[in-house]
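Biologist: I have a model open and would like to go through the labels people attach to it. Could you take me through the reasoning, one step at a time?

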Amino acid sequence: MQAVAHLKHARISPRKVQIVLDLIRGKDADMAMAILKNTRRGASEYLIKLLKSAIANAENNNHMDASKLYVSECFVTPGPTMKRIMPRAKGSADRILKRTSHVTIVVKERD
């Protein structure tokens, strides 16, 4: 039995999210929450909310015990990229890529 939570179109680069996801993969849910709360990265705000959602899904939809949950899978995929233009010298322009992310967290119950 597993519970899943998705976050779509998060306005943060997938590379930045991946660094924080590597810290919590395979950890107990309460330990993962403690790690996220003490990590000074922009992605941890998104991931705290997402992990809370996954735990709530497990408790309310699948009737799992919250004390036995652990992060079994967590991954990020790139979302759509917003293209913007920055004016430069001599009438030229540089392209700015504002990247987005799709994040998924899966929690399971330990046996």
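Biologist: Let's begin with Gly79: in which loop does Gly79 lie?

Modeller: Happy to help, and please keep in mind that this is a predicted model. Gly79 belongs to the loop that runs between E2 and strand E3 (82-87).

Biologist: Why is Gly79 called buried?

Modeller: The cut-off for buried is under 20% relative accessible area. Gly79 has 17% relative accessibility, so it counts as buried.

Biologist: And which residues does Gly79 touch, leaving out those up to four places away in sequence?

Modeller: Thr100, Ser101 and His102. For a contact, heavy atoms must lie within 4.5 Å. With His102 you can also check the C-alpha atoms: they are separated by 5.7 Å, although Gly79 and His102 are 23 residues apart along the chain.

Biologist: Now the sheet. What is the order of its three strands?

Modeller: The order is E1-E5-E2, in an open sheet with antiparallel pairing.

Biologist: What makes E1 and E2 the edge strands?

Modeller: Strand E1 (2-10) and strand E2 (69-78) each pair on one side only. From one strand to the next, the twist averages 15°.

Biologist: How do you know that E1 and E5 count as paired?

Modeller: Pairing asks for at least two bridges between the strands. E1 and strand E5 (residues 101-109) have seven bridges, in the antiparallel sense, so they qualify under that definition. As one position to look at, Gln2 stands opposite Lys108 in E5.

Biologist: Which helix packs on the sheet?

Modeller: Helix H3 (residues 43-60), which touches E1, E2 and E5. The direction of H3 makes about 150° with that of E1.

Biologist: Stepping back, what pattern does the protein follow along the sequence?

Modeller: Its three helices and five strands come in the pattern β-α-α-α-β-β-β-β.

Biologist: Why is the protein called more spread out than a compact globule?

Modeller: For 111 residues the globule rule gives 13 Å, while the radius of gyration is 17 Å, well over that value, so the protein is described as more spread out than a compact globule. The C-alpha trace spans about 65 × 25 × 15 Å along its principal axes.

Biologist: How many of the 111 residues count as buried, as a percentage?

Modeller: 35% of them do. The protein exposes about 7200 Å², and carbon and sulfur atoms supply 50% of that area.

Biologist: And what share of the contacts with a separation of 6 or more comes from residues 24 or more positions apart?

Modeller: Such residues account for 71% of those contacts.

Key. Residues numbered from 1 in each chain as written. Predicted model: local features only at pLDDT ≥ 70, side-chain atom pairs only at ≥ 80, totals over all residues. Heavy atoms only, no water. Helix = DSSP H or I, 4+ residues; strand = E, 2+ residues; numbered from the N terminus. Axes fitted to C-alpha atoms, helices over the stretch in contact; angles between N-to-C directions. Buried < 20%, exposed > 50% of the residue type's maximum accessible area, 1.4 Å probe, protein only. Rg over C-alpha atoms; globule rule 2.2 N^0.38 Å. Areas by Shrake-Rupley, 256 points an atom, 1.4 Å probe, with all protein chains shown as cover.
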